[in-house]
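Thanks for asking me to look this one over. Here are my notes on the ligand and the pockets, set out point by point.

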Amino acid sequence: MKTEKLLIALPEGCREIMERIRLAGGESYAVGGAVRDALLGRPAGDFDVTTSFVPEEIMALFQDKKLIPTGKNFGTVGVEAEGDIFEVTTFRKDGNYSDFRRPDQVTFSKDIKEDLARRDFTVNAMAWSEETGLIDPFGGRKDLENHVLRAVGDPEKRFSEDALRIMRLLRFASQLGFVIDPGTGEAARSTKELLNAVSGERLSVELEKLLKGPSAMKVIGEYKEVLESFLGESTLPRKLTGAYHTDLAFLFEKQDEKALKAALERLKVSKKTRELALFVHENLAYPVPTDRIGLRLLLKAAGEEKAGALLSALAPEKLSELEDVIQNDVWSYKSLAVRGNDLGTEGEKTGEALDYLLDACICERVKNDRESLIAYLKKGKRL
Ligand code: ATP
Ligand code: MG
């Protein structure tokens, strides 16, 4: 086994867990994203531990800790240490895949190399412990240095086992700014139809990460047809903002609302994301208000959240002014200096009168105080 002494700073809780496993006679390593990010000098998302011990052994060894055994059948036990939860997963070698997503069964292994072999990309297939240093059977470190994403093993086979890996490939390319090895990229294209078997929620998580990545434009440009296999026909976005709903709207700018709706449905996005995406999409073709009166009218018509989403999409430089308008100007019924029952009108007439007053205040035709508003209504023969 090729080892190399290299220091990775692990969180105290993670060290404690690894140490206890080792003292009890097991093997334990930090693995996956944490090792990749440490070697890149990026802050790691989470520190996962992989071990030769089976879940029962882990649970017995950490009886004194809070344990989360929900993933136990797949080999994963959450262990709390120093206030954080760490996922501790038994070395696995995956069985057959018949649904392109979940292995039919998982088999535990005693060999770290088998565990690394089931992982998706070489840069994610490295393990590290203080005692052994880096374990890197697939050349992950070299690929990391060269900024290359490469599947572990035969890419077409790996994507056919689990099609979500195709989307993970694109999102890592976007997040890390890495190039995709030609063989791996070719396989992503040739197996793209298998993405149809992946759940909307999982696709959505990866797509959102992809869209937020610094190299998103490049990846979308190069792999548009892969994304279109589940999104349907889409547009190369003119820009991306980092807000998922807005970026989805840009991604369908040249398509009709029906196409966007179908994609939102497929991705099973939240109701809020759906509403905002559709609102931004509907308004992309129109100029956004740039003066104060226009901003008030937009707020009156759409509310704070939608107005904010539209401005972030089309005129982000106006967002601070929007905030000022929200805080200080009259744009909603509740900011008017009169209430419906102050007017002595009934039913529909009250609503009409308030609307008339709000528009007048927004356009600065009347001052927002009770006396001026009542006088204005009388002058306009609304009372
Ligand atoms: P992130 O920083 O986004 O958390 P990550 O690489 O840690 O990235 P996770 O989803 O947390 O990604 O997965 C942890 C590790 O598990 C990966 O680094 C990889 O080794 C392995 N892995 C995750 N999903 C798959 C998959 N679908 N197929 C094969 N290996 C996977
Ligand atoms: Mg992770």
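The points below start with the ligand and then turn to the pockets.

1. Please keep in mind that this is a predicted model. With that said, the ligand is a good place to begin: ligand 1 sits in the largest pocket.

2. Which residues are closest to ligand 1? The shell around ligand 1 counts 16 residues, and R36, N124, D162, R165 and R171 are the closest of them. Sorted by class, this shell holds 12 charged residues, three polar ones and one nonpolar one.

3. Some polar contacts deserve a look in your viewer. The side chain of R165 places an N or O atom 2.7 Å from a nitrogen atom of ligand 1. The side chain of R119 has an N or O atom 3.1 Å from an oxygen atom of ligand 1. With D120 the backbone takes part: one of its N or O atoms lies 3.2 Å from a nitrogen atom of the ligand. On its own, ligand 1 exposes 580 Å², and the protein buries 78% of that area.

4. Two helices stand out around the ligand. Helix 2 (33–40) and helix 7 (164–176) each contribute at least two residues to the shell of ligand 1. Helix 7 gives the most, with four residues.

5. Now to the pocket that holds the ligand. The largest pocket encloses about 1,300 Å³ of space. It is lined by 36 residues, with D48, R118, R119, D120 and R168 closest to its centre. The lining has 20 charged, nine nonpolar and seven polar residues.

6. Which element supplies the largest share of that lining? Helix 7 does, with six residues. At least two residues each come from helix 2, helix 7 and helix 9 (200–212), and also from strand 2 (48–51), strand 5 (84–90) and strand 6 (92–94).

7. You may also want to look at the second largest pocket, which has a volume of about 200 Å³. Its lining is made of 14 residues, and those nearest its centre are M18, R22, S129, E130 and E131. Helix 1 (12–23), strand 1 (28–31) and strand 8 (127–129) each give two or more residues to this lining.

8. Within the lining of the second largest pocket, the largest share comes from helix 1, with four residues. By class, this lining comprises six charged, four polar and four nonpolar residues.

How values were computed
Residues numbered from 1 in each chain as written. Chains lettered and ligands numbered in written order. Predicted model: local features only at pLDDT ≥ 70, side-chain atom pairs only at ≥ 80, totals over all residues. Heavy atoms only, no water. Near = heavy atom within 4 Å. Polar contact = N/O pair within 3.5 Å; in protein donor to acceptor, adjacent residues only side chain to side chain. Areas by Shrake-Rupley, 256 points an atom, 1.4 Å probe, with all protein chains shown as cover. 1 Å grid on protein atoms, 1.4 Å probe; cavity = no way out; pocket = protein on both sides within 12 Å on 5 of 7 lines; lining within 4 Å. Sits in = over half its atoms within 2 Å of the grid points. Nonpolar A, V, L, I, M, F, W, Y, C, P; charged D, E, K, R; others polar. Points joined across faces, edges and corners; volume = space filled by probe spheres on them.
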